[in-house]
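Please work through the following exercises with the sequence and the three-dimensional structure at hand. Attempt each task before reading its solution.

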Amino acid sequence: MPKMRVGWITFTCSEDSTMVFLELLNKNFFEWDNRMEFAYCKVLKREGSVLQTKDVDVFFVEGAISTDDEEKKLRHIRNISKYVVAVGSCACTGMPSAQRNLFDKAMQAEIEERLLKHNLRKNVEPINKFIKVDDYVMGCPMGEEIFVKTLNKYFTLFGV
Amino acid sequence: MHKENFDITLDNLSKIEGHAGIDISVRNGEVQNVKLRIVENMRFFMESARGKRFNSVHQLVSRICGTCSTAHLMGCIECIENIFGIQPSGQAKALKHLTMNGLQIRDHAMHLFFFCLPDLYGKDSVLDFKSDDEKELLHKALHVKDVGNTIGNVIAGRAIHPTLPTIGGFLHAPKQDDVKKLIEMIRAEREKAVEFVDLFYNWDKRLERDTNYVASRSDKIYNFWEGDLMDSRGFCIPNFSFTDHLNRVVIPYSQAEGFLYNGDTYMVGALARMNIGKDTLHKDTRHDLSKYLSVFPSRNVYHNNLAQAIEIVHAMDHSLEILETMEFKDERPPQVEPTQAGGTGIVEAPRGTLYYYLEFDGNGNVGQANLVIPTAQNQIMMEKDCGRAVQACIENGMDKEEIERELEMLIRAYDPCMSCATHFLQVNWKEQ
């Protein structure tokens with residue numbers, strides 16, 4: 001029986017929505033394992049670069065974008081995925097990872113050296129700044145019920 | 001592979017919390033260079049904490065890390081209570097123990113069952129567990145993991161970013177019906193947790209080396225919230241002076257700084273706690289797990305996983321004792337009168353000693369905030385062990401692919417959390 005091909009990735013964030021997802025597996029692992037397979041999920045299996053991943057039905061993206069490398073990967077994800085879902089507050093709104101965008105001049109000056117050293121951009125942005133996003137699962141961490149509802153919507157859509 | 005020259009680069013270490021890579025050069029069969037790169041993008045929470053009100057900052061720092069959120073929240077609360085001289089009630093102390101116990105069960109279970117268990121079975125992922133026996137094992141693992149989650153939900157309001165712990169206490173007490181169900185759940189799942197101790201005890205994986213260990217220890221009972229900092233050579237470290245014993249090490253290729261303890265390598269985490277405090281484990285844990293406890297103190301880094309499995313059983317036993325002997329009722333946390341002051345707080349996060357330092361102005365707003373994170377403390381030791389492991393692999397004639405798998409297994413044994421590791425301020429500590 002065909003399964004829905006799912007991707008899961010994190011960018012700049014605390015990975016709390018990934019943790020919520022892993023907690024949801026406590027009760028849903030076997031059912032979801034029958035309905036979806038992971039095309040990319042570094043937290044559960046060995047993976048190379050996401051840039052090698054192809055043909056994804058639904059890609060869940062957690063975290064905001066703070067580097068050129070993250071933007072490149074995000075654009076690739078959009079190109080290989082039928083649907084992209086932003087999970088958690090950082091992916092949906094940028095916050096709280098983007099709180100440094102609001103630092104005053106003195107604090108900006110204080111962190112500037114570290115931004116340059118680690119190739120971090122001046123501003124942190126939500127993922128819809130760069131790509132079209134099909135669904136949002138808001139919350140910090142993401143709301144469990146909204147996530148399950150969204151996942152079930154795609155299970156129905158893909159007939160699995 | 002003897003006497004060969006080769007390089008290993010792993011950019012995307014899997015089944016760990018966060019993002020890291022490693023580069024290793026081997027020349028003429030000898031490991032020449034090891035670079036463990038923590039590449040988690042900085043989010044500057046310490047800077048963001050400045051100006052925040054004393055009674056809101058614990059919810060902010062919780063967002064430093066998803067999996068360790070409870071540890072950050074409780075460490076921050078501990079720090080603020082110490083600074084303003086707040087004495088939590090007996091009930092609040094019990095709820096703190098339960099909250100930290102739930103965290104350890106949930107977090108250790110996630111690491112042991114989702115990240116490490118496939119290593120024991122020669123598989124890449126729990127997603128590859130397809131036989132009936134493997135599915136049954138996974139079924140048990142998920143039940144154990146769910147105990148930690150449920151303790152978090154019932155006691156702290158939520159397992160990730162808890163909502164109920166606050167300065168001086170908890171916003172609500174757990175309902176008696178929920179407590180009763182929780183007791184039944186823990187009793188039902190404890191035996192499964194013991195089975196996993198046996199599983200990790202029998203995992204014949206070994207990397208032995210000498211180092212110092214640092215952890216909190218309480219003679220009252222093994223716990224993750226109160227006690228005195230000790231090293232494994234018997235030195236008691238006053239909590240407020242912890243950073244006086246640390247040497248900050250700038251690691252140019254990593255987004256996290258490393259630390260030495262009194263100029264030497266050391267390790268924090270479950271192995272450190274077990275080496276320093278196994279005699280203080282709950283009496284039921286000591287009784288039922290005596291065979292497994294005999295391996296501690298241990299020099300084998302893979303015993304960090306065994307120590308985590310034992311801590312799950314202990315956290316269940318300790319929680320049961322609290323839940324069965326206490327009656328909970330709503331109580332108002334003490335009033336806080338903030339003053340201009342600074343101070344420290346320490347908790348034992350799943351991955352080791354987590355140190356908070358905060359300063360407040362006279363209005364109760366944060367002036368300075370700083371952290372010492374467990375994974376940053378383990379970074380140098382982890383890197384050195386990677387070099388040792390690769391050298392041993394070369395001497396055992398392993399090919400490059402096998403070496404890469406060994407490396408990932410070793411790093412997983414440390415249970416690093418990269419999301420936390422990049423949080424620090426540049427302060428004037430003793431620098432190496």
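The exercises below concern a predicted model, and each is followed by a worked solution.

**Exercise 1. Describe the build of chain A: how many helices and strands are there in chain A, and in what order do the elements run?**

Step 1. Count the elements: chain A holds 5 helices and 5 strands.

Step 2. Read them from the N terminus on: the order is β-α-β-β-α-β-α-α-β-α.

Step 3. Judge the compactness. For 160 residues the globule rule gives 15 Å, and the radius of gyration of chain A is 16 Å, close to that value; chain A is therefore as compact as a globular protein of that length.

Step 4. Add the extent and the interior. The C-alpha trace of chain A spans about 55 × 30 × 25 Å along its principal axes, and 48% of the 160 residues count as buried.

Step 5. Consider the contacts in chain A between residues at least 6 apart in sequence: 82% of them join residues at least 24 apart.

**Exercise 2. Determine for A:E15 and for A:D55 whether the residue is buried or exposed.**

Step 1. Locate the residues. A:E15 belongs to the loop between β1 (4-10) and α1 (16-35) of chain A, while A:D55 belongs to the loop between β2 (36-41) and β3 (56-62) of chain A.

Step 2. Examine the backbone. A:E15 is not a glycine, yet its phi is positive, at about 65 degrees. A:D55 is likewise a residue other than glycine with a positive phi, near 50 degrees.

Step 3. Apply the cut-offs: a residue is buried if 20 or more other C-beta atoms lie within 10 Å of its own, and exposed if 12 or fewer do.

Step 4. Conclude. A:E15 has 29 C-beta neighbours inside 10 Å and so counts as buried. A:D55 has 9 other C-beta atoms within 10 Å and is therefore exposed.

**Exercise 3. Locate two cis peptide bonds: which residues does each one join?**

Step 1. In chain A, the peptide bond from A:C140 to A:P141 is cis, with omega near 5 degrees. A:P141 is part of the loop between β5 (135-137) and α5 (144-157) of chain A.

Step 2. In chain B, B:F296 and B:P297 are joined by a cis peptide bond whose omega is about 0 degrees. B:P297 is in the loop between α9 (290-293) and α10 (303-325) of chain B.

**Exercise 4. Describe the sheet formed by β1, β2 and β3 of chain B: what is the pairing, and which strands are at the edges?**

Step 1. Recall the principle: strands of a sheet pair through backbone hydrogen bonds, either parallel or antiparallel.

Step 2. Establish the order. The 3 strands form an open sheet, β1-β2-β3 (chain B), with antiparallel pairing.

Step 3. Identify the edges: β1 (6-10) and β3 (30-38) of chain B each pair on one side only. The twist from one strand to the next averages 5 degrees.

Step 4. Inspect one pair. β1(B) and β2 (residues 20-27) of chain B run antiparallel and are joined by 5 bridges; B:D7 stands opposite B:S25 in β2(B).

Step 5. Add the helices that pack on the sheet. Helix α11 (residues 374-395) of chain B touches β2 and β3 of chain B, and its direction makes about 140 degrees with that of β3(B). Helix α12 (residues 400-414) of chain B touches β1 and β2 of chain B, and its direction makes about 45 degrees with that of β1(B).

**Exercise 5. Analyse the packing of α5(B) against α6(B): at what angle do the axes cross, and which hand does the crossing have?**

Step 1. Note what is required: two packed helices are described by the angle between their axes and the distance between the axes.

Step 2. Give both values. The axes of α5(B) and helix α6 (residues 176-201) of chain B come within 9 Å and cross at roughly 145 degrees.

Step 3. State the hand: the crossing of α5(B) and α6(B) is left-handed.

Step 4. Name participants. Residues in the contact include B:V144, B:V147 and B:I151 of α5(B) and B:L182, B:M185 and B:I186 of α6(B).

Step 5. Sort the contact by class: the contact of α5(B) with α6(B) has 9 nonpolar, 2 polar and 5 charged residues.

Key
Residues are numbered from 1 along each chain as its sequence is written. Chains are lettered from A and ligands numbered from 1 in the order in which they are written. This is a predicted model: local features need pLDDT of at least 70, side-chain atom pairs count only at pLDDT 80 or more; totals for chains, interfaces and linings use all residues. Two strands pair if DSSP finds at least two bridges between them. Helices (H or I, at least four residues) and strands (E, at least two) are DSSP runs, numbered from the N terminus. Axes are lines fitted to C-alpha atoms, for helices over the stretch in contact, and angles run from 0 to 180 degrees between N-to-C directions. Two residues are in contact if their C-beta atoms, placed from the backbone, lie within 7 Å. The radius of gyration is taken over C-alpha atoms; the globule rule is 2.2 Å times the number of residues to the power 0.38. A crossing is left-handed if the near helix is turned anticlockwise from the far one by less than a right angle, and right-handed if clockwise. Ala, Val, Leu, Ile, Met, Phe, Trp, Tyr, Cys and Pro count as nonpolar, Asp, Glu, Lys and Arg as charged, and the others, Gly among them, as polar.
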